[in-house]
Amino acid sequence: MKHINITDKDTLATGEERFLHLLAQSFPTIADAATEIINLEAILNLPKGTEHFLADIHGENEAFEHVLKNASGNIKRKVGEIFGNSIRESEKKELCTLIYYPEQKLELIKAVETDLDDWYHITIHQLVKVCRDVSSKYTRSKVRKSLPEEFSYIIEELLHERTDDQDKAAYVAVIVDTIISTGRADDFITALCNVIQRLAIDQLHILGDIYDRGPGAHIIMDVMRRYTSWDIQWGNHDMLWMGACAGNDACICNVLRLSLRYANMATLEDGYGINLLPLATFALDHYGDDPCEEFTPKLLKNNKMDEKTLQLTSKMHKAISVIQFKEEARIFHRRPEWKMEDRCLLEMTDTSRRICVIDGREYAMKSCNFPTGTIELTAEEEALMQKLHHSFRVSEKLRKHIRTILSHGCMYTICNSNLLYHASVPLNDDGTLKQIEIHGRSFEGKALMSYIGQLVRAAFENDTPAELKSYAKDYFLYLWCGKDSPLFDKSKMATFERYFLTDKDTYKEEKGAYFRLRDNAEVCDRILDAFGVQGKNRHIINGHVPVHASKGENPIKAGGRLMVIDGGFSEAYHSETGIAGYTLIYHSRGFQLVQHEPFTSTSDAIQRGSDIKSTTQIVEMSAHRMLVADTDKGAELREQINDLKQLLYAYRHGIIKEQRN
């Protein structure tokens, strides 16, 4: 709300009077305004809601959904606190599994439980206790909005009536008895478990990279479309899919190449209906006799492939990679201001001598079979790209998912003194903010991130001028692999070198100054100041680069000012990092960093009650329990209270008349 200050009718400006009249439509009487003030003041004194931070999910939908269901161990912790030694550890484990997977777990229990009614009684009372605890930091109104309509009244009654009150014990017992006797126990337990999951986390922050590598990015996006309170800070892999959806052919090629590299076609074919048959036909026609050994996909443990399919995937992988290098070169030549024409390495090959010339130096090539040439796309490649382009553009589900990412996200956000972004803020070598030129204008820091967010959205808006829209579509590629992209921030993306050159020194990608300096508290403070982040305990939280825990790397940097929470969900990283990454919990007591071991499977979690083994590290604890008053929401509520007090003043002094029925 807009804050105004009035003393009498003569000094009330026209705009201020109009604002108060608008406010009076929502609160037409003194009683209405006073009641809302009382309500808001009470909310300020509730405990701060729990925030959950995840990053770099990379299509691992089962691990992601499990972490979402168990709130990074927050539910398990609460069950332990509530029941203590009153029930066995095995019973706590069973209860947690039921909360995470109610429908599946109920089927298993019903197959072995001999006294089901007794189990229903005990379990419903246990679930009510857990639900009461997780809902205690919210208003009744907010809890009510989280309840399923069919059980809303019953759950409310059970949450607010205690069995230790003798006058109400029989009342509560009859409610539970009736739920069971009417055959509604399974549905009620499922509803209650879903409410617990929903209320265990107040706000979910995803710090980028939902897409690529894993098989279920589309499933994750379906989950997020149903999720209530969340935001996303776009990652480089998300940007690649956004570019593909916007019609950038180089991004389309990169999306296809990464999917084939990790033998993961499920998201493309099953998720978004992308037709890969034309690519398969093209690959067999042009690379049928090429073993394409350098393009053999990386098979993860759950991905089995017969020899024939493996060979076809390798050929498709090479075919789209060659087209990708040509499509990228088109854009790099079209945008010379990006200074990326030196990345047109396919054009620098000498196939007769089996070398590639880079900066005047000759490098030997592993293979040199390019049946479609090394410069321009052939007519057949053009025809193939038209089909693939059309397939991406007409995928309604892909458009829906990208619209969801656009509506819930941007390049950065600031929440409760925490600055969130996926990868970096470009810096000079001395730690100062780096000026980056985009479309003839220079930006740095916050202005850079904000303008990139506007440019990304411009690519999807119908009323964007044609020249700007064309640049915006091209810029997706720069955000993916450009030296000064806040989502990449490396000297180069050595894709061509890894596929084709024998000299491994060419594979090195030098990280930008941000990654060299992010352990410097002064540099982090400079970034926080540039973004206007206030507060005694302010932090930068980002992901993007896996933390090598096995080598002793600490995710807490710059004396606690910066936290790196690359989720490490992707199986491809596990051998490199030694863990399955980190998630972060920020509740009313402070920050807790959770280190995860690799997730087995959903079926194992349901049948055996296996959970992700996690180690919790206390990062920063508050001297007092934080309240809503200590948060950004608290600041908003105080402004609303001030405005309502001004409305009360206006009512009581006749400046505005009450609207009584």
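This is a short tour of four places in one protein model. Keep in mind that the model is predicted.

Let's start with strand β3. It covers residues 230–233. Which strands does β3 pair with? On one side of the pairing list is β2, residues 203–206, joined to β3 by three bridges. Those two strands run parallel. For one pair of partners, look at H205, which is matched with D231 in β3. Then there is β7, residues 409–410. Two bridges join β3 to β7, and again the strands run parallel. Here Q233 has C410 as its bridge partner.

How does the chain get from β2 to β3? Helix α12, residues 217–226, belongs to the unit. Together, β2, α12 and β3 make a right-handed β-α-β unit.

Now look at the side chains of β3. In a regular strand, side chains alternate between the two faces of the sheet. Are the two faces of β3 covered or open? Both are covered. W230 and I232 lie on one side, D231 and Q233 on the other, and all four are buried. So D231, the partner of H205, is a buried residue.

Next, a small sheet. Three strands form it, in the order β4-β5-β6. The sheet is open and its pairing is antiparallel. Which strands stand at the edges? They are β4, residues 349–350, and β6, residues 361–364. Each has a single partner strand, so one side of each has no neighbour in the sheet. Two bridges join β4 to β5, residues 355–358. In one of the pairings, T349 is matched with C356 of β5.

On to a pair of helices. These are α20, residues 445–458, and α21, residues 466–481. Their axes come within 8 Å and cross at roughly 120°. The crossing is left-handed. Which residues make the contact? From α20 we have Y451, I452, L455, V456 and A458. From α21 come L468, K469, Y471, A472, Y475, F476 and L479. What kinds of residues are these? Eleven are nonpolar, none is polar and one is charged.

Last stop: R625. Find it in the loop between β17 and α27. Is R625 buried or exposed? Neither: its relative accessibility is 36%, so R625 counts as partly exposed. Leaving out residues up to four places away in sequence, R625 touches P47, K137, S588, R589 and D630. Compare R399, which is 226 residues from R625 along the chain. Their C-alpha atoms are separated by 43 Å.

That's the tour. Thanks for listening.

Key. Residues are numbered from 1 along each chain as its sequence is written. This is a predicted model: local features need pLDDT of at least 70, side-chain atom pairs count only at pLDDT 80 or more; totals for chains, interfaces and linings use all residues. Side-chain values use heavy atoms; hydrogens and water are left out. Axes are lines fitted to C-alpha atoms, for helices over the stretch in contact, and angles run from 0 to 180 degrees between N-to-C directions. A crossing is left-handed if the near helix is turned anticlockwise from the far one by less than a right angle, and right-handed if clockwise. Contact means heavy atoms within 4.5 Å. Ala, Val, Leu, Ile, Met, Phe, Trp, Tyr, Cys and Pro count as nonpolar, Asp, Glu, Lys and Arg as charged, and the others, Gly among them, as polar. Buried means under 20% relative accessible area, exposed over 50%, partly exposed in between (1.4 Å probe, protein chains only). Two strands pair if DSSP finds at least two bridges between them. A crossover is right-handed if, with the strands pointing away from the viewer, the path from the first strand over the helix to the second runs clockwise.
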